[in-house]
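Visitor: Hi! Could you walk me through this structure before I head back to the bench?
Guide: Happy to, let's have a look together.

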Amino acid sequence: MHDVLLVGGGAVGLSIALELARRGKRVHVVERGVLGGESSWAGAGIVPPGRFDKQDSPLVQLGGLSAEMHVELAERLRRDTGIDNGYRVTGALYLAPNKEHRAHLEEEVAPFRAQNQICRTLDGAALNNIEPALAGALDDGRVAAGYHIPQEAQLRNPRHVRALVAACAKLGVTLTENAPVEEWIVAGDRVREVRTVQGSFAAEQFCLSTGAWSRQLGEQLGVRLAVKPIRGQIALLNPQSAVIRGIVYYGPRYFVGRDDGRVLVGSTLEDVGFDRRTTASVIRELLDFAVGLAPQLASADVEKTWAGLRPHSADGLPYLGRVPHLTNTFVAAGHYRWGLALSPATALTMTQLMLGEPTAVDMSVFRVGR
Ligand SMILES: Cc1cc2nc3c(=O)[nH]c(=O)nc-3n(C[C@H](O)[C@H](O)[C@H](O)COP(=O)(O)OP(=O)(O)OC[C@H]3O[C@@H](n4cnc5c(N)ncnc54)[C@H](O)[C@@H]3O)c2cc1C
């Protein structure tokens, strides 16, 4: 018998499982497909800078606490599993493609300014120094204005989820793959077990962490979770040398330069249901953007393209809390564009909720059934 059963083994479910297991709980993760194989694998791995401040909104607190926790988490995962999740503070450039985008650029950096994060106005010399591939872009019209946020970080998603899985396994978490949960067996005000093709699994407590797929499973539990999939497509380029060094936002598009020279080019926000295909028109658009902004990428190999489904929630906040009419069942879903970044503090606060402890962040705005 397990203490807690998590339905869905993405970064959110695995992070909660790891935190609970560190507290000595017997944990079971039941995953429909491959652990960490959906949105958590597909994302870009950007971790915006932040610090924990009780004066901020609960969502900003969750981000600030997570930003602080990522540093220790990466070290711990490396020590405990031997896997480097690729967490690096590489900094980010926020660039306006044209004058019309300037106001939007100010909105993008406002949260960093509010938190007293370093936010430097870019001039030609700084741009040349930080991203030599973009030298001259402020003069030749490719870029109208920009800021440098030196504390922004990134991690490598496939490595991060692999490290989470290994860390969970090391602490004795039961990991069941290829077992879609099809039904909740409820008795009174408690879920007793979940039914899957591999049999039924019981536990004392349950947590729904099924990302973009949470709405349907919530309905079966009698709770409304306004979560839907929003597709994002990505192209991975290998220029065989370091062309892009850090993160570069350019209007709705971005580069993430990895430390092995690869460059991730993203992304899109597409409301197309549960369709994880990549499409020729979008990939062409991403490649046009990449080569237009950094012409040196024209000869790069296109190593891979993929798409993932972000769990978008209607009001922009994740659902984090207990299902009101069930005493032993919780939800952690709907992190949309920032589930990797927010996963450490999500895991901490969900663990605190499930263990009946005071939470580091006021969770009332995230409540289930709102
Ligand atoms: C292109 C793209 C770029 C992104 N970039 C970033 C970024 O830079 N930074 C950032 O922080 N975030 C980013 N994100 C968002 C981030 O990836 C997500 O918010 C995060 O992965 C959500 O994690 P999750 O565990 O909730 O969902 P998922 O990783 O989707 O995991 C949910 C799991 O539940 C499983 N499941 C579903 N139904 C069932 C069932 N019936 N039974 C059992 N299991 C089930 C699924 O198979 C899946 O493995 C990006 C996403 C995309 C697509």
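Guide: Let's begin with the largest nonpolar core, which has 36 residues; Leu6, Ile16 and Cys207 touch the most other members. Keep in mind that this is a predicted model.

Visitor: Which helices and strands each supply at least two residues of this core?
Guide: On the helix side they are α1, α3 (58–81), α6 (157–170) and α9. The strands are β1 (2–7), β2 (27–30) and β19 (329–333).

Visitor: And which one gives the most?
Guide: That would be α1, with seven residues in this core.

Visitor: Okay, new topic: the ligand. Which residues come nearest?
Guide: There are 35 residues around the ligand, and Glu31, Ser40, Ile46, Tyr336 and Ala341 come nearest.

Visitor: What is the mix by class in that shell?
Guide: The shell has 17 nonpolar, 13 polar and five charged residues.

Visitor: Which polar backbone atoms pair up with a nitrogen or oxygen of the ligand?
Guide: I can give you three examples. A ligand nitrogen sits 2.8 Å from a polar backbone atom of Arg337. A ligand oxygen is 3.1 Å from a polar backbone atom of Val12, and for Ser39 there is likewise a polar backbone atom 3.1 Å from a ligand oxygen.

Visitor: How much of the ligand's accessible area does the protein cover?
Guide: The protein covers 98% of it, taking the 1000 Å² that the ligand has on its own as the reference.

Visitor: Where along the chain does the shell come from?
Guide: Helices α1 (11–22), α2 (39–42) and α9 (339–354) each supply at least two residues, and so do strands β13 (227–238) and β17 (301–313). In terms of domains, at least three shell residues come from domain 1 (2–85 + 156–226 + 314–366), and at least three from domain 2 (89–151 + 229–312).

Visitor: Back to Tyr336 for a second. Where does it lie?
Guide: Tyr336 is in the loop between β19 and α9. Its phi is near 50 degrees, a positive value in a residue other than glycine.

Visitor: What's notable about a positive phi there?
Guide: Most residues other than glycine have a negative phi.

Visitor: Is Tyr336 buried or exposed?
Guide: Neither label fits, because Tyr336 has 24% relative accessibility and so counts as partly exposed.

Visitor: What about Asn178, what is its phi?
Guide: Asn178 is not a glycine, yet its phi is positive, at about 55 degrees. You'll find Asn178 in the loop between β9 (174–176) and β10 (181–187).

Note on methods:
Residues numbered from 1 in each chain as written. Predicted model: local features only at pLDDT ≥ 70, side-chain atom pairs only at ≥ 80, totals over all residues. Heavy atoms only, no water. Near = heavy atom within 4 Å. Polar contact = N/O pair within 3.5 Å; in protein donor to acceptor, adjacent residues only side chain to side chain. Areas by Shrake-Rupley, 256 points an atom, 1.4 Å probe, with all protein chains shown as cover. Helix = DSSP H or I, 4+ residues; strand = E, 2+ residues; numbered from the N terminus. Nonpolar A, V, L, I, M, F, W, Y, C, P; charged D, E, K, R; others polar. Domains from an automatic or database assignment. Core = buried A, V, L, I, M, F, W, Y, C linked by side-chain atoms within 4.5 Å. Buried < 20%, exposed > 50% of the residue type's maximum accessible area, 1.4 Å probe, protein only.
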